[in-house]
Amino acid sequence: MPDLHRAEASIGWLLGELGWVEYQRWSAGVSWRLGPTYLVVEESPALERHHRLGTGLNHLAFHVGGRVRVDELTEAAPKHGWALMFGDTHPHAGGPDHYAAYLENTDGFEVELVASIR
């Protein structure tokens, strides 16, 4: 991650909205935990801009509850550094039976917020 403060503003906000809590913190990183799973974000001066279509991680998908919750998070996301992707097919960019928001933050990381219940 090129900027830890920016990552906390976008990724940290989203994880907090999804029930994750800060787990560990050090000078160049922070982690959040939900149950037995934790996610780590570190700042590195050696990184170049992340490109989701390059080698490595494409995106993280999170089940967020129902369609209303997807819509609430999608509406709030721009205030926290996220932009809606695939706006022309949102919320069915993943297909007609898949209700989700695909968001990209300022640093090029993508998340998919999936309605797991109707």
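The following dialogue discusses salt bridges, the nonpolar core and strand pairing in a predicted model.

Biologist: What should be known about the model before reading it?

Modeller: This is a predicted model, in which local features need pLDDT of at least 70 and side-chain atom pairs count only at pLDDT 80 or more, while totals for chains, interfaces and linings use all residues. Residues are numbered from 1 along each chain as its sequence is written, and side-chain values use heavy atoms, with hydrogens and water left out.

Biologist: How many salt bridges are there?

Modeller: Side chains of opposite charge can pair when their charged atoms come close. A salt bridge is defined here as a side-chain nitrogen of Lys or Arg within 4 Å of a carboxyl oxygen of Asp or Glu. By this rule there are five salt bridges. One of them joins R25 and E8, with the closest N and O atoms 2.6 Å apart. This pair links distant parts of the chain, 17 residues apart: R25 lies in strand 1 (residues 21-26) and E8 in helix 1 (residues 4-17). Helices (H or I, at least four residues) and strands (E, at least two) are DSSP runs, numbered from the N terminus.

Biologist: Are R25 and E8 buried or exposed?

Modeller: Buried means under 20% relative accessible area, exposed means over 50%, and partly exposed lies in between (1.4 Å probe, protein chains only). R25 is partly exposed at 45%, and E8 is also partly exposed, at 24%.

Biologist: Which residue forms a salt bridge with E17?

Modeller: R69 does, and the closest N and O atoms are 2.9 Å apart. The two residues are 52 residues apart and link distant parts of the chain, with R69 in helix 2 (residues 67-76) and E17 in helix 1. R69 is partly exposed, with a relative accessibility of 24%; E17 is partly exposed as well, with 35%.

Biologist: How is E72 placed relative to R69?

Modeller: The side chains of E72 and R69 meet in a salt bridge of 3.2 Å, N to O. Because E72 and R69 are three residues apart in helix 2, about one helical turn separates them. Elsewhere, salt bridges that share partners join E8, E22 and R25 into one network.

Biologist: Which residues have the most contacts inside the largest nonpolar core?

Modeller: A nonpolar core is a set of buried Ala, Val, Leu, Ile, Met, Phe, Trp, Tyr and Cys residues joined through side-chain atoms within 4.5 Å. The largest has 24 residues, and F62, W82 and L113 have the most contacts inside it. Helix 1 supplies the largest share of this core, six residues. Leaving aside residues up to four places away in sequence, F62 touches L15, L18, W20, V111, E112, L113 and V114, where contact means heavy atoms within 4.5 Å.

Biologist: Why is strand 6 described as largely enclosed by the rest of the structure?

Modeller: Five of the six residues of strand 6 are buried, so the strand is largely enclosed.

Biologist: In what sense does strand 6 pair with strand 5 and with strand 7?

Modeller: Two strands pair if DSSP finds at least two bridges between them. Strand 5 (residues 82-84) and strand 6 are antiparallel, over three bridges, and A83 has E104 in strand 6 as its bridge partner. Strand 6 and strand 7 are also antiparallel, over five bridges, and Y102 has E112 in strand 7 as its bridge partner. In the hairpin of strand 6 and strand 7, four residues lie between the strands, and G108 takes a positive phi near 90°.
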